[in-house]
Amino acid sequence: MTTLSQIAWDDTVLPFQLDRSDVRGRVARLDGVLEKVLEQHDYPPMVEALVAEVALLTALIGQTIKLRWKLSLQVRGTGPIRILATDYYGPSDDGAPARIRGWASFDAERLDPTADPFSQIGEGYFAVLIDQGEGNVPYQGITPLAGGSLSACAQTYFAQSEQLPTRFALSYGRSTVPGQGEHWRAGGVMVQMMPKASPFAAKEGSGEGGLLQHTDILDGDEDENWNRVNLLLDTVEDLELIGPTVHPTDLLVRLFHEEGPRVFDPQRIEFGCTCSADRVRDSLAIYSAKDIRHMTTEDGRVTADCQFCGAHYEFDPASLGFEATVNPDGTPKEAGDA
């Protein structure tokens, strides 16, 4: 447990548990982190909104998993907004912050500024990827885009892939705080049945396209508890989610005081990117000298830009690929050099 009055809530995720209903959850607040994610690119407003939503989902979901390395969310569609991608890197040590990065790919000429942002993704899929690092097989779970929002897709993913009833209540947008300029803020609550529950699932779900939803998984007391928690969460307001004047602990007491809420140590979140010159070199190591020549600019360099943080890298083409003739420092490669 942590002394609540000492916690700075912006850019944190607060875990909690509702003892009466056997439900766990998270409250997230993103401020400076979200600004850092969005300021890397000049996104149209609707793309900004979707990146904000998927970043908030990433913070909430990432904190529920015991990560040794990385959780990624990927949304791919056939519409003008083609890709939304985020990464959550778990803390390297106890007390260290987690890190988030994100980006979007879109066709500006095809965007309809009057349309609902989610509709601009088109048909596609919502994917959760978990990579625990070297020596571990990455996990990937995919669900179709359905439900009218990214949070609905995430709920479907947990019902379909994990058979865990899950609900998100999110709010995000540009906010003005007295004495500060306009900037992005986001806040949300995630609730989820405890994994120790033993749900059953129908062969075919009752949701859109036959996808599972909570009524296909729960029955009896568990179903009653889940419905009660959802009715309480329905009363939350946008300003309570975003803050900054409403502390997450006050919000939990207001929403769930009869459910026996308990809070645990919050997790700090920072913007962070893992790109580096060495990582770019490693990614190009599979190419021949002929392939590298096709990548070389007129001024004799190979360039790469990080989609997440905008970092720009330039390389001597002779130092790249499995037929490289010089080392990264420009010295000639000798026989046996890796």
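Reader: Which residues in H3 do Leu50, Glu53, Val54, Leu57 and Ile61 in H2 meet?

Author: This is a predicted model, and in it H2 and helix H3 (residues 150-162) pack with their axes 10 Å apart. Contact here means heavy atoms within 4.5 Å. By that cut-off, the residues of H3 that meet those five names in H2 are Leu150, Ser151, Ala154 and Phe158.

Reader: How many residues of the contact of H2 with H3 are nonpolar?

Author: The contact draws on both helices, with Leu57 in H2 and Phe158 in H3 among its residues. By class, one residue is polar and one is charged, while the nonpolar ones number seven.

Reader: At what angle do H2 and H3 pack?

Author: Helix H2 covers residues 45-62, and helix H3 covers residues 150-162. Their axes lie 10 Å apart, and the packing angle is about 30°.

Reader: Why is H1 called oblique to H2?

Author: Helix H1 (residues 32-39) and helix H2 (residues 45-62) pack at an angle of about 135°. Angles over 145 degrees count as roughly antiparallel and those of 65 to 115 as roughly perpendicular, so an angle between these ranges has another name. That makes the relation of H1 to H2 oblique.

Reader: Is the crossing of H1 with H2 left-handed or right-handed?

Author: The helices touch through Leu34, Val37 and Leu38 in H1 and Glu48, Val51, Ala52 and Ala55 in H2. These residues divide into six nonpolar, no polar and one charged. Where H1 passes H2, the crossing is right-handed.

Reader: Which strand gives the largest share of the lining of the largest pocket?

Author: The largest pocket has a volume of about 550 Å³ and is lined by 27 residues. Strand S1 (12-18), strand S2 (23-30) and strand S11 (267-271) each give two or more residues to this lining. The largest share is four residues, and the strand it comes from is S1.

Reader: How many residues in the lining of the largest pocket are charged?

Author: Among the lining residues, Pro15, Gln63, Asp265, Pro266 and Gln267 lie nearest the centre of the pocket. By class, the lining has 12 nonpolar and seven polar residues, and its charged residues number eight.

Reader: What distance separates the C-alpha atoms of Cys309 and Lys36?

Author: Cys309 lies in the loop between strand S12 (302-305) and strand S13 (312-315). Leaving aside neighbours within four places in sequence, Cys309 is in contact with Gln40, Phe271, Cys273 and Cys275. Cys309 and Lys36 are 273 residues apart along the chain, and their C-alpha atoms are separated by 8.7 Å.

Conventions:
Residues are numbered from 1 along each chain as its sequence is written. This is a predicted model: local features need pLDDT of at least 70, side-chain atom pairs count only at pLDDT 80 or more; totals for chains, interfaces and linings use all residues. Side-chain values use heavy atoms; hydrogens and water are left out. Axes are lines fitted to C-alpha atoms, for helices over the stretch in contact, and angles run from 0 to 180 degrees between N-to-C directions. Angles under 35 degrees count as roughly parallel, over 145 as roughly antiparallel, 65 to 115 as roughly perpendicular and the rest as oblique. A crossing is left-handed if the near helix is turned anticlockwise from the far one by less than a right angle, and right-handed if clockwise. Ala, Val, Leu, Ile, Met, Phe, Trp, Tyr, Cys and Pro count as nonpolar, Asp, Glu, Lys and Arg as charged, and the others, Gly among them, as polar. On a 1 Å grid over the protein atoms alone, a cavity is a set of points where a 1.4 Å probe fits but cannot get out, and a pocket is an open set with protein on both sides within 12 Å along at least five of seven lines; lining residues have an atom within 4 Å of a point. Grid points are joined across faces, edges and corners, and a volume is the space filled by probe spheres set on the points.
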